[in-house]
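Q: Please take a close look at the aromatic ring pairs in this structure. I would like the geometry and the burial of the residues involved set out with the criteria used.

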Amino acid sequence: MNNNPKLSGNTPHNSYFLPIASLIFSVAMFLLVGRAVANNAVLRSIFSCQAQGLGGAIPTIKIWYQEGTNLSFIPAGEVIKKVWLNDPSQVTIDFDGPVCMQFGQQANASAGDCKNSAANVIQLRRIAKLDIPGLPPTSNTLLTVVTEGQGRNKLYTFRVLYGTDNPEYHTLAVFPDPGQEGSCVRVSQ
């Protein structure tokens with residue numbers, strides 16, 4: 001028998017080429033596909049005009065027990081000035097920066113600097129229902145957010161829905177309105 005080391009496939013540097021190339025290709029595909037799937041599962045986006053309800057539909061945000069849901073105004077370049085939650089018995093709220101805090105009808109000057117609020121993200125997390133006297137049982141609640149950006153105030157309302165399954169997304173990002181006229185205008189039928 002003739003052992004010819006010059007035959008293709010018998011040389012040491014070629015014997016590893018195919019498995020390495022296959023591994024590199026597999027990892028690249030995994031990263032690309034994984035990133036696309038993760039972006040779709042992690043981020044839900046909405047234009048500012050849609051989030052304000054100017055298209056005629058009340059926007060929703062869903063929260064789960066397992067993980068919090070972020071409401072981000074970073075893409076829109078807006079700062080959160082004030083937030084209301086109609087039923088706080090099933091939701092905790094946190095912010096990524098200082099926000100003005102007022103209790104009741106009177107401003108509480110010692111509770112925060114209302115002129116220098118700097119939060120851009122609200123983090124909502126579902127908790128086990130607390131018994132708060134006077135609050136009726138509800139299957140959802142309303143979150144109201146006032147923001148400021150580009151010298152204008154905006155009012156957003158979101159119907160907060162409670163999820164019990166695995167989270168569908170982790171962040172609802174509010175983007176600036178598209179440049180197209182009529183993109184959020186309600187069409188009468």
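A: What follows describes the aromatic pairs and the residues that form them.

The model is a predicted one, in which local features need pLDDT of at least 70 and side-chain atom pairs count only at pLDDT 80 or more, while totals for chains, interfaces and linings use all residues. Residues are numbered from 1 along each chain as its sequence is written, and side-chain values use heavy atoms, with hydrogens and water left out.

Rings of Phe, Tyr and Trp (its six-membered ring) are paired if their centres lie within 6.5 Å, and planes under 30 degrees apart are called stacked, those over 60 edge-to-face and the rest tilted; by this rule there are three aromatic pairs. One of them joins Trp-64 and Tyr-169 edge-to-face, with 5.4 Å centre to centre and 85° between the planes. This pair links distant parts of the chain, 105 residues apart, since Trp-64 belongs to strand β2 (residues 60-64) and Tyr-169 to the loop between β8 and β9 (171-175), where strands (E, at least two residues) are DSSP runs numbered from the N terminus. Trp-64 is buried at a relative accessible area of 0%, and Tyr-169 is buried at 5%, buried meaning under 20% relative accessible area with a 1.4 Å probe and protein chains only.

Tyr-156 and Phe-158 form a stacked pair, 6.3 Å centre to centre with 15° between the planes. Tyr-156 counts as buried because its relative accessibility is 0%, and Phe-158 is likewise buried at 0%. Ring pairs also bring in Phe-73, which is linked with Tyr-156 and Phe-158 into a cluster.

Notes
Helix = DSSP H or I, 4+ residues; strand = E, 2+ residues; numbered from the N terminus. Buried < 20%, exposed > 50% of the residue type's maximum accessible area, 1.4 Å probe, protein only.
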